Amino acid sequence: MKKLKNVEEEEGHHQPDPFDGLTEEIIHLILDHLGDDDPLARKSFSLACKSFLSAESRHRRSLRPLSSDLLPSVPRRYPYISRLDLSLCPRVDDGMLTSLSRSWSTTLRSVDLSRSRFFSHVGLSSLAANCAGLVEIDLSNATELTDAAAAAIAEARNLERLRMGRCKLITDMGVGCIAVGCRKLTLLCLKWCLRVSDLGVGLIAMKCADIRSLDLSYLPITEKSLQPVLKLQNLEELILEGCPGICDDGLATLKESGLSLKVLNLSNCQNVSQVGLSSLTSEAQCLQQLILSYGSPVTADLGKCLHKFSSLQVVRLDGCMVTCPGMKAMVNWGARLKELSLSKCLGVTDDCLSFLVQTQRELRKLDITCCRKITYASINSITSSCSSLCSLRMELCTLVSRDAYLLIGRRCQNLEELDLTDNDIDDEVLMSISRCSKLRILKLGVCSKITDDGLKHIGRHCLNLIELDLYRSMGITDAGIAEIALGCPALEMINMAYNEDVTDVALISLSKCPRLKAVEIRGCPYVSSIGLSAIARGCRRLTLLDIKKCYNINDNGMLSLAQFSPNLRQINLSYCSVTDVGLLALASIKCLQNMTILHVAGLTQSGLAAALLACRCLMKVKLHASFKSSLPESLISYIEARGCIFQWRDKVCQVEMDPKGWKLHLSKSP
């Protein structure tokens, strides 16, 4: 086997590299084990020695540059990139696309331009011409692209996956070019392409026979295009969300079609009822997922219609008016559901829900968010019938009593996700829930009766927790957070917003969680730069930070972030005590993309201008409208030309500690 050599040979005598004895195959196995989830691990590996740096460069196939400024030098460092994600690069012009496509002409297979701007049909034409092996392009949100760009894409003859969501200037003519040129397409997303009609969709259906996934959401199409689409022999996923022109008559064309559909999304299709769905029953025997959210009422006829879908595993009826006869009609259903979503469904009662879950004992995911008519009886039936549940979402189920929640911990110990936001739970409930040792996501927002005593049980027994929401759960203090930090070292996200008893002590405890990525401490007035600095030092993966109305956080906190949080991408520092010095320090973070800066009294016009110029990767910034007139127009234009979007807000400064009277609301809660 070939031995790995250094990139450069130094002249004269030098100390032998102890890693030279490792073969390149072994080095690549180590890199495969590291994966792409932890960029710091790969970086540390590369910095170990020149041999490792060279090996990592040749091994890497997937790349997500942190800045547009890095793009010119990237191909020299990584010569074999096959998947290029430019979602962190707001400005990618035609010249850059041309240069990159030439550098990776033989290896590049996938490009993500979903958050990039300033390229046109010229750059896309170079990309298609230079990279013959290109199979995937994401052009979502490219609102300025025209049919000329679509024609350029059509030159990529081997293209298999194309996403064009929100390309609002593309018309039937452009889609027709793609249909003729890209015959190998298996996935196409045209969501919100509002100028594409039946003609363009029909051309895709006729020319691209291998299509497996087709997203036509919010297009002005009718049954005229549905007929050729439903004749696609390989079609497995069809998304028709928000298509008012789709009606029962269109679905009736299925009677003449041989359909292999596995996923059908008809949410927000108000003109589709059980009459149209009944057309599916004889042909769509492979259907596994059916999404009817925010559509027609769930009546007895619709319930009976679903009986014929024996292969269904996922049904989502979110926002639908559910009738008791409709739910009961589904009781003798032969399908074995894995997921059922009834979020915000009016009409769900104990009677009908209990009947249904008793026949669906293999449910893994259940969403009954805002089902405000259910009580203890429903939870009793759910927990006794569906012991294999791994996800239960039941935010704002206001009539469910405290005793019902005790059943969850006793009977559903395989839960990995549990949402109990704004419900009547206390510490005893948390003690019971702590038996669910596999929990990864736990949401306890606006639960006024829970305290540190209950939270300590979660920290001591739910060791796999990665996400915890304690928004406005005002009985939680530093002691409870300390228990979580001690027992849940894998924690990645925590929300403690508007908990006034949370101080720097809690943040210092959380700094021992090295995987923490998102911290929300909005409205915690006793948190200061001391606690924030501890988070910055201990949590190097921090990407999202909300410190709005943390009045005691000042420039010292920003300086710590600038020094220790290189991965920070989004921050809200409204109402903080930050000055020009702190903002300029923050602007030095190369990954920073999104900032919200409202009512920061210590900022000046010149300081803000300097920070905006220094923050070269900024993609969106939210500012008070008063700055729009004070900042030079030429500066705003320059920043926008780099790919940044300004959002101007004219909000009145809020100084009250308890916005919207939440303390009063909670004190009146039963």
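## Briefing: charges, cysteines and covered spots

Let's start with Leu 584, which sits in helix 24 (residues 580-586); helices (H or I, at least four residues) and strands (E, at least two) are DSSP runs, numbered from the N terminus. Leu 584 is partly exposed because its relative accessible area is 37%, where buried means under 20%, exposed over 50%, and partly exposed in between (1.4 Å probe, protein chains only). From C-alpha to C-alpha, Leu 584 and Arg 195 are 44 Å apart in space, and they are 389 residues apart in sequence.

Keep in mind that this is a predicted model, in which local features need pLDDT of at least 70 and side-chain atom pairs count only at pLDDT 80 or more, while totals for chains, interfaces and linings use all residues. Residues are numbered from 1 along each chain as its sequence is written, and side-chain values use heavy atoms, with hydrogens and water left out.

**Salt bridges**

- The structure holds 16 salt bridges, a salt bridge being a side-chain nitrogen of Lys or Arg within 4 Å of a carboxyl oxygen of Asp or Glu.
- In one of them, the side chains of Arg 616 and Asp 69 meet at 2.7 Å, N to O. Arg 616 is in the loop between helix 25 (605-614) and strand 23 (620-624), and Asp 69 is in the loop between strand 1 (62-63) and helix 4 (74-77), so this pair ties together parts that are 547 residues apart in sequence.
- Both ends of that pair have some exposure to show: Arg 616 is partly exposed, with a relative accessible area of 40%, and Asp 69 is partly exposed at 44%.
- Arg 316 pairs up with Glu 339 in a salt bridge, and their closest N and O atoms are 3.1 Å apart. This pair links distant parts of the chain, with Arg 316 in strand 11 (residues 314-316) and Glu 339 in strand 12 (residues 339-341), 23 residues apart.
- Arg 316 counts as partly exposed because its relative accessibility is 26%, whereas Glu 339 is buried, with a relative accessible area of 16%.
- Glu 362 and Arg 336 also form a salt bridge, at 3.7 Å from N to O. Glu 362 lies in the loop between helix 15 (350-359) and strand 13 (365-367), and Arg 336 in the loop between helix 14 (324-328) and strand 12, so the pair ties together parts that are 26 residues apart in sequence.
- Here Glu 362 is partly exposed at 34% relative accessibility, while Arg 336 is exposed, with a relative accessible area of 58%.
- Glu 136, Glu 160, Arg 161 and Arg 163 are joined into one network by salt bridges that share partners.

**A positive patch**

- Arg 115, Lys 620, Arg 649 and Lys 651 form a positive surface patch. Patches are made of residues with over 30% relative accessible area and no salt bridge, with like charges joined within 9 Å and nonpolar side chains (Val, Leu, Ile, Met, Phe, Trp, Tyr) within 5 Å.
- Arg 649 belongs to strand 24 (residues 645-649), and it counts as partly exposed because its relative accessibility is 31%.

**Cysteines**

- A disulfide is a covalent bond between the sulfur atoms of two cysteines. The rule used here asks for a pair of cysteine sulfur atoms within 2.5 Å, and by this rule the count comes to zero disulfides.
- Cys 591 is in no disulfide, and the nearest cysteine sulfur, that of Cys 617, is 7.1 Å away. Cys 591 is buried, at 4% relative accessibility.
- Why is Cys 644 without a bond to Cys 615? The sulfur of Cys 615 is the closest cysteine sulfur to that of Cys 644, but at 8.2 Å it is too far for a bond. Cys 644 is buried too, with a relative accessible area of 3%.

**A covered helix**

- Helix 3 (residues 50-59) is mostly covered, since seven of its 10 residues are buried. Among them are Phe 52, Ala 55, Glu 56 and His 59.

**Positive phi angles**

- Most residues other than glycine have a negative phi.
- Asp 422 is not a glycine, yet it has a positive phi of about 60 degrees. You'll find Asp 422 in the loop between strand 15 (417-419) and helix 18 (427-433), partly exposed at 26% relative accessibility.
- His 599 is not a glycine either, and its phi is positive at about 55 degrees. His 599 lies in the loop between strand 22 (594-597) and helix 25, and it counts as partly exposed at 22% relative accessibility.

Conventions:
Accessible areas come from the Shrake-Rupley method with a 1.4 Å probe; for residues, only the protein chains shown count as cover. Lys and Arg count as positive and Asp and Glu as negative; His and the chain ends are not counted. The place of a charge is taken as NZ of Lys, CZ of Arg, CG of Asp or CD of Glu.
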